[in-house]
Amino acid sequence: LNTSLHNPSVQHKPSIDEFISMNRGIDNGKDIPQTVLRGLYESISRDPFRIPDDEAGLTITFFNPEHAGWLTKEGGSNRTWKRRYVVLTNSCLYYFKNKDDETPLGIIPLESLRVNVVKDEDQPRSGLRKSKVTGFFFEILGALDADGVTSVIKGCKTNSRGVVVQGNHRRYIFRAETQEECELWVRCISAAIKTNPFYDLYVSKRNANRDQIPADATEV
């Protein structure tokens, strides 16, 4: 929707009614409440999600971040570990290949997400022998939907051709050099996470509708 409304290359801009129509039946065959869809449409229409595309814009965006530093990030289909310079600002996490790069490799909007220190028994493994990767880890997880399933995070990344594409991660995992650094990142990210009132409204309505179904109605 963000691309359709704000990308100048897209000639047809869907109306709010078209947006509602396109999303019919996506909730396991049921419709998401129109109040939620209208609120989402109006929010994206009013405040587009943009990647700064000029030096001045980047300077303003990354000036005086809440936190920044080097971390190692797990990524790719082979789950390789790569060192990234990470910047936390304006409720978004940006990661770069180099500290002085102007364009981030990826962006993670911190909206209705969860962040945790990874417990020792859950620490990632890599290599043919699945040996533990040493270090101190934290994870960023998508929000839980009404069924307790982790949602896809609304992140984006730059692919090998330099094109910005939407990610499909439900979990990001980062490695810090020390326990103190790891816990500091978790605290900073946790403080920066903002909730989406439209998503919360949607989940609460789903739970309310489920509670109204008689117990014997599900026994067939």
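Which residue in β8 is the bridge partner of N116? The bridge partner is E139. The model is predicted, and the protein has 220 residues, of which 35% are buried. Its secondary structure consists of six helices and 11 strands. Nine of the strands form an open sheet with antiparallel pairing, and the structure contains four salt bridges.

**Overall figures**

- Of the contacts between residues at least 6 apart in sequence, 56% join residues at least 24 apart.
- The exposed surface of the protein comes to about 13900 Å², and carbon and sulfur atoms supply 49% of that area.

**The sheet**

- The strand order in the open sheet is β5-β8-β11-β1-β2-β3-β4-β9-β10.
- The edge positions are taken by β5 and β10 (164–166). Each of these strands has a single partner, so one side of each has no neighbour in the sheet.
- From one strand to the next, the twist averages 30 degrees.
- Strands of a sheet pair through backbone hydrogen bonds, in either a parallel or an antiparallel arrangement.

**Strand β8 and its partners**

- β8 is largely enclosed by the rest of the structure, because five of its six residues are buried.
- Four bridges join β5 to β8, and the two strands pair in the antiparallel sense. Within this pairing, N116 has E139 of β8 as its bridge partner.
- β8 and β11 also run antiparallel, joined by six bridges.
- The residue opposite L141 is R171 in β11.

**The β9–β10 end of the sheet**

- β9 and β10 pair over three bridges in the antiparallel sense.
- K157 has V165 of β10 standing opposite.

**Strand β1**

- H67 belongs to strand β1, which covers residues 67–75. With a relative accessible area of 17%, H67 falls under the 20% limit and therefore counts as buried.
- Leaving aside neighbours within four places in sequence, H67 is in contact with V86, V87, L88, L184, W185 and C188.
- T72 is also in strand β1. T72 is buried, because its relative accessibility is 14% and the cut-off for burial is under 20%.
- Not counting residues up to four places away in sequence, T72 touches W81, K82 and R83 as well as I173, F174 and R175.
- The C-alpha atoms of T72 and E177 are 8.8 Å apart in space, although the two residues are separated by 105 residues in sequence.

**Salt bridges**

- Side chains of opposite charge can pair when their charged atoms come close. Three of the pairs in this structure are described below.
- R171 forms a salt bridge with E139, with the closest N and O atoms 2.7 Å apart. The pair links distant parts of the chain, R171 lying in strand β11 (residues 171–176) and E139 in strand β8, 32 residues apart.
- The two partners of this bridge differ in burial class: E139 counts as buried at 15% relative accessibility, whereas R171 is partly exposed at 35%.
- E139 therefore appears in two settings, as the salt-bridge partner of R171 and as the bridge partner of N116, and its relative accessibility of 15% places it among buried residues.
- The side chains of E111 and K154 meet in a salt bridge at 3.1 Å, N to O. E111 lies in the loop between β4 (106–109) and β5 (114–117), and K154 in the loop between β8 (136–141) and β9 (156–158), so the pair ties together parts that are 43 residues apart in sequence.
- E111 is partly exposed, with a relative accessible area of 26%, while K154 is exposed, with a relative accessible area of 52%.
- R175 and E177 form a salt bridge through their side chains, at 3.0 Å from N to O.
- R175 is buried, with a relative accessible area of 16%, but E177 is exposed, with a relative accessible area of 52%.
- R175 is also one of the residues that T72 touches.

Notes
Residues numbered from 1 in each chain as written. Predicted model: local features only at pLDDT ≥ 70, side-chain atom pairs only at ≥ 80, totals over all residues. Heavy atoms only, no water. Buried < 20%, exposed > 50% of the residue type's maximum accessible area, 1.4 Å probe, protein only. Contact = heavy atoms within 4.5 Å. Areas by Shrake-Rupley, 256 points an atom, 1.4 Å probe, with all protein chains shown as cover. Pairing = 2+ DSSP bridges. Axes fitted to C-alpha atoms, helices over the stretch in contact; angles between N-to-C directions.
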